[in-house]
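Please find below my notes on the model under review. They are set out as numbered points, to be read alongside the sequence and the coordinates.

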Amino acid sequence: MNAPPSADPAPLLTVSGLAKRYGDAFIFSDVSLVMARGELVALLGESGVGKSTLLNCVAGLDTADAGSVTLAGRDVLGLSEPEAARLRREDLGFVFQAFHVLPHLSVADNVGLPLQLLGRPRGDRVDRMLAAVGLGGLGDRAPRQLSGGQLQRVAIARALVHEPALVLADEPTGNLDPRSAGLVMDVLVDAARRTGGGVLMVTHSPPAAARCDRVLELTAQGVRLPVSS
Ligand SMILES: Nc1ncnc2c1ncn2[C@@H]1O[C@H](COP(=O)(O)OP(=O)(O)OP(=O)(O)O)[C@@H](O)[C@H]1O
């Protein structure tokens with residue numbers, strides 16, 4: 001695998017001592033992680049250990065009880081809600097487990113939404129992203145005319161269309177057959193290598209994890225190398 005680009009030596013993402021609890025119960029207590037630009041990191045962990053919660057904290061969608069998150073030099077947890085919303089719009093691509101494809105927009109309009117919100121021209125970018133994830137020619141369809149695996153790929157195309165600094169992806173190949181999963185990993189690796197965007201992805205898929213630069217496991221105590229590696 002090619003080394004990730006390292007033109008900018010400052011870390012893209014620094015998570016330091018992050019803790020999250022509900023009531024008296026800690027979900028995780030000391031998560032620290034540094035990612036370079038252009039790096040892909042796979043995050044493993046048992047169900048319920050807090051992987052989705054960690055992605056939400058990194059995105060500023062959830063609060064933390066201790067610690068800090070610095071993305072491209074900005075203190076994510078210290079941002080006001082409008083500032084956090086702007087950060088998410090400009091610098092983040094998020095692939096949620098539930099996809100969150102908007103039912104009243106066409107497939108192409110869903111994928112183009114981040115560009116529209118940023119006031120950037122769509123050009124042929126939407127069509128190229130759809131082709132890259134194996135959905136070429138389906139842009140005019142309504143989401144209800146797509147399968148679950150196709151909707152997942154719409155969500156991935158939408159997360160990457162504006163070339164964000166960091167892509168957070170919650171099981172991005174979870175519902176996909178091996179060929180479609182391979183296509184999705186191709187576009188994620190390409191996004192990281194070509195634009196220097198980082199990719200932090202939760203996955204239970206060994207082939208997907210094998211395409212990443214590093215594999216980490218989230219436990220209640222923090223992140224560590226998986227026992228099997
Ligand atoms: N609002 C809440 N109140 C109390 N507990 C919550 C709340 N939201 C999440 N949790 C708990 O936090 C823990 C972490 O949930 P999370 O969805 O982040 O886990 P996960 O590792 O992503 O799981 P999975 O792999 O099954 O998707 C779970 O035990 C869940 O029950």
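1. Which helix gives the most to the shell around the ligand? In this predicted model, that helix is α1 (residues 51-58), with three residues in the shell. The ligand is surrounded by Y22, I27, G45, S47, G48, V49, G50, K51, S52 and T53. Sorted by class, the shell comprises six polar residues, three nonpolar residues and one charged residue.

2. The overall dimensions may be taken next. The C-alpha trace of the chain spans about 50 × 40 × 40 Å along its principal axes. A compact globule of 229 residues would have a radius of gyration near 17 Å, and the chain agrees with this because its own value is 17 Å. Of these 229 residues, 41% count as buried. Among contacts between residues at least 6 apart in sequence, 71% join residues at least 24 apart.

3. The secondary structure consists of seven helices and 10 strands. Two open sheets are described here in turn: one has four strands with antiparallel pairing, and the other has six strands with mixed pairing.

4. In the four-stranded sheet the order is β2-β1-β4-β5. Its edges are formed by β2 (25-35) and β5 (74-75), each of which pairs on one side only. Helix α1 packs on this sheet, where it touches β1 (13-22), β2 and β4, and its direction makes about 125° with that of β1. The antiparallel strands β4 (residues 66-71) and β5 are joined by two bridges. At this junction, L71 stands opposite R74 in β5.

5. Helix α1 merits a separate comment, as it both contributes to the ligand shell and packs on the four-stranded sheet. Six of its eight residues are buried, and the helix is thus mostly covered. The buried positions are K51, T53, L54, L55, C57 and V58. Of these, K51 and T53 are also among the residues that surround the ligand. After the helix comes G60, which has a positive phi, near 75°.

6. The six-stranded sheet has the order β6-β7-β8-β3-β9-β10. Strands β6 (92-95) and β10 (222-224) lie at its edges, each pairing on one side only. From one strand to the next, the twist averages 20°. Helix α5 (residues 148-160) lies across β6 and β7 (166-170) and runs at about 170° to β6. Towards the β10 edge, β9 (residues 214-219) pairs with β10 in the antiparallel sense over three bridges. Here L218 has V223 of β10 as its bridge partner.

7. Is strand β8 (residues 198-202) enclosed or open? Five of its five residues are buried, so β8 is largely enclosed by the rest of the structure. In a regular strand, side chains alternate between the two faces of the sheet. In β8, G198, L200 and V202 point one way while V199 and M201 point the other way, and all are buried.

8. The pairing of β8 with its two neighbours can be followed bridge by bridge. Strand β7 runs parallel to β8 and is joined to it by five bridges; the bridge partner of L166 in β8 is G198. Strand β3 (residues 40-44) also runs parallel to β8, here with four bridges, and V41 stands opposite L200.

9. Where is L40 found? This residue belongs to strand β3. L40 counts as buried because it has 27 C-beta neighbours inside 10 Å, the threshold for burial being 20 or more. With residues up to four places away in sequence left aside, L40 touches L188, V189, A192, V199, R211, C212 and D213. One of these, V199, is a buried residue of β8. L40 and G198 are 158 residues apart in sequence, yet their C-alpha atoms are 5.9 Å apart in space.

Terms used: Residues numbered from 1 in each chain as written. Predicted model: local features only at pLDDT ≥ 70, side-chain atom pairs only at ≥ 80, totals over all residues. Rg over C-alpha atoms; globule rule 2.2 N^0.38 Å. Buried ≥ 20, exposed ≤ 12 C-beta atoms within 10 Å, placed from the backbone. Contact = placed C-beta atoms within 7 Å. Near = placed C-beta within 6 Å. Nonpolar A, V, L, I, M, F, W, Y, C, P; charged D, E, K, R; others polar. Pairing = 2+ DSSP bridges. Axes fitted to C-alpha atoms, helices over the stretch in contact; angles between N-to-C directions.
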